[in-house]
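Visitor: I am new to reading structures, so please pick a single part and give me a close look at it. After that, I would enjoy hearing how the surroundings are arranged.

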Amino acid sequence: MTFRATPRNVIVVAGVMSLLLALTVLVSLTLGAVHLPLSQVWAALASPGTNSEATVIVREIRLPRILLAILVGAALSVAGTGLQALLRNPLADPYVLGISSGAAVGAIFAFWIGGRIAAASPLAAFIGAMITMVWVYLLGRHGGRLASYTLILAGVITASFLSAVILFMLTLLSTRDVRGIAFWLMGDLSVTPVAELRILAPAIILAIAGLYVFAKDLNVLLLGAEEAAHLGVNVVRVELGVYILASLLTGIAVSASGAIGYLGLLVPHLGRMLVGNDHRMLLPTAALGGAILLVLSDTLARTAVAPAELQVGAVTAVAGAPVFIYLLRKTGG
Amino acid sequence: MGARYHERGTVFGRHQPRPRQVCAGLVFFMVTYETHSAQAPSPPFGVNFPSGATVLLCVLAATLSILMPPAAAARTVKDQTGRSVNVPDNPHRLVSLAPNITEIVYALGLGDELVGDTDYCDFPPQAKSKPHVGTMVNPSLERIVALKPDLALGTPEANRRETADLLERLGIPLYGVTANTLAGTLASIEDLGKILGRAAEASSLVAQMQARIDRVENRIEGQPKPRVLFVVWYRPLITVGPSTFIADVIRAAGGIPIGENLKGEWPRLTLEELLPQNPDVILLPKTESFSPSTEEFQTLPGWKDLRAVKERRMFFVSETIERPGPRLVDALEELAGVLHPTLALKTGERQ
């Protein structure tokens, strides 16, 4: 199925997906370890003043988690879409450049040096992600511009080196910290305070909007860098822009919620099946689709073994791998 | 021990019903009650307040709510992990986030006040039928909120720092206790007794436990001290570090835990290091499907030359040894009996 990416079509597709997202959010709000009838959920949303248990559960536990899932899902999916186009490689995902490993090293380092302040971890994770981004960029540059294969190799080797560093640091941490870190490494949406959402939301939305500016250029870039240059695209600028924005999105998402796997790999593929290869259409589809999928995954994580909770990263990985294999077999790679 | 979830100050949540709010609620209730009963036919037992009395009560309640300082129903204390916690004076809706705490709560006679515990709280048996809030590391916050606890009880040994932070944000005070020694376990029981308004019960429970500990100590005095290997994990071999309370219980039971010179809580040990230390007794936790049987150990290279394996002094100890609660003295007596088989220690004042 392919739509021509006219402004009207983009708005229609984005509108339909937004409706689906709203529906998913509503369903997710009514599901949880505690059964709340729809009327109570509605009342809790409509009247913020009251302090009933239902209000606390809906407004302070479920809603922030759902909002974070939307933001992180959109960020990872858009980052994945951008990187798959930039690297011209369908196996690229937000973690292929080692950014999540850099964030993890930062977070564990914060634990390690005794920074037990709750806010230190996300900040340290973000700094780790940004250092890795610059490092991989310097490694992956070839003759003044980003070379796709060099960049992938630089990312993969950096990720693998940083994983070794993570394992090394984990052996030196106390059992308690290892447990906390293990959960964070798996991906966890439950710990972000509402105040952090106020920083995350504009940052992620701005970065996604920034990437959308390059949508048309990404279409041309898919033909190859040489061809794109001939067609008048400023390849160096586009590549650098997409690289920085995708890395930023990944860094922000990972700092907030750990490394949630498969979403950034899978959603671009699903998006292409749905709306085709035009990034003007694909990017919003991926953003909204990723948001829907992560909200669904987290709902499953919250409810599957209630009252215990699964880690959302474990859910996306367990569900994501089979879906990816299915797509691979169906489309023939 | 740095047993802390974190070092931030407590931000008190806004869902803590303060006395003022409670009194205001009472006034509101009485006003609405009267309005309703004025329209409805009089109840048969005449619970209808005369209007004047209601007004009087309202004034009284309002005055009380002004006079009563907000701190009257709650106080801020430092818990054993160093956090400041706003603990209500008479908590009566408790949620326990660890099996050992559930046992302590029951032992203090507060089983009825426990409104929720974890999936792993299995003792006493009644604890199993309480509403569960999930696992220790990943409990469901919304379940906890729905149980309307006025106090949650946890321990950094079992719970995550994130859980403490999140509960704090939701206005549910979490009081943390920590125990890394036998003495620490007694102290945490005493401490919980004070917090939960059962200081006398806690003191007498602790006195009983102390008496049993002293008795073990007296009996093992002058006895040879066997070298004990506690196998936490078998491949790779992981044992207990000197700072863990399993090591402390082994010492109290008259043994010398192997690994005294090792660092960390759960240090790895190679067979090379183990052989010269040659344990007299090997202890294995009573969990299925994790380690070979005694017979299998006798065929394993390295292991089969250890004195404990040759003399078949390998024992499976019950999981109470890992639970710093009231039954820890049971585990101590059991272990002392295992380490000193001639003393017939296991019989006696078991409850």
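Guide: Let's begin with two strands of chain B: strand S3 (residues 94-96) and strand S5 (residues 151-154) run parallel and are joined by 3 bridges. Please keep in mind that this is a predicted model. To find one of these pairings yourself, look for B:Leu94, whose bridge partner in S5(B) is B:Leu151.

S5(B) also has a partner in strand S6 (residues 174-176) of chain B, again in the parallel sense and again over 3 bridges. Here B:Ala152 of S5(B) has B:Leu174 in S6(B) as its bridge partner. How does the chain get from S5(B) to S6(B)? Helix H5 (residues 161-169) of chain B belongs to the connection, and the two strands with this helix make a right-handed β-α-β unit.

Now turn to the two faces of S5(B): are they covered or open? Both are covered. B:Leu151 and B:Leu153 are buried on one side, and B:Ala152 and B:Gly154 are buried on the other.

Further along chain B there is another parallel arrangement to explore. Strand S7 (residues 227-230) pairs with strand S8 (residues 256-257) through 2 bridges, in the parallel sense. Together with helix H8 (residues 245-252) of chain B, S7(B) and S8(B) form a right-handed β-α-β unit. S7(B) is also joined by 3 bridges to strand S9 (residues 281-285) of chain B, and these two run parallel. B:Val228 is a handy landmark, as this residue stands opposite B:Pro257 in S8(B) and opposite B:Val281 in S9(B).

Put together, these strands belong to an open sheet of 4 strands in chain B, with the order S8-S7-S9-S10 and parallel pairing. Its edge strands are S8 and strand S10 (314-317), each of which pairs on one side only. S9(B) and S10(B) run parallel, with 4 bridges between them, and B:Leu284 stands opposite B:Phe316 in S10(B). Helix H12 (residues 328-339) of chain B packs on this sheet, where it touches S7, S9 and S10. The direction of H12(B) makes about 170° with that of S10(B).

For another view, switch to chain A, whose secondary structure comes to 14 helices and 2 strands. One of these helices is H5 of chain A (residues 120-140), and A:Gly140 lies in it. Is A:Gly140 buried or exposed? A:Gly140 counts as buried because 22 other C-beta atoms lie within 10 Å, and the cut-off is 20 or more. Beyond its neighbours within four places in sequence, A:Gly140 is in contact with A:Leu146, A:Ala147, A:Thr150, A:Leu151 and A:Ala154.

Another helix of chain A to look for is H11 (residues 235-257). It is mostly covered, with 18 of its 23 residues buried. Its length can be checked too: at 1.5 Å a residue the helix should span 33 Å, and its end C-alpha atoms are 33 Å apart, so the two agree. Just after H11(A) comes A:Gly258, with a positive phi near 75°.

Finally, step back to chain A as a whole. Its C-alpha trace spans about 65 × 55 × 35 Å along the principal axes, and 50% of its 333 residues count as buried. A compact globule with 333 residues would have a radius of gyration near 20 Å, and chain A agrees with this because its own value is 20 Å.

Technical notes. Residues numbered from 1 in each chain as written. Chains lettered and ligands numbered in written order. Predicted model: local features only at pLDDT ≥ 70, side-chain atom pairs only at ≥ 80, totals over all residues. Expected span 1.5 Å × (residues − 1). Buried ≥ 20, exposed ≤ 12 C-beta atoms within 10 Å, placed from the backbone. Pairing = 2+ DSSP bridges. Right-handed = clockwise from strand over helix to strand, strands pointing away. Contact = placed C-beta atoms within 7 Å. Axes fitted to C-alpha atoms, helices over the stretch in contact; angles between N-to-C directions. Rg over C-alpha atoms; globule rule 2.2 N^0.38 Å.
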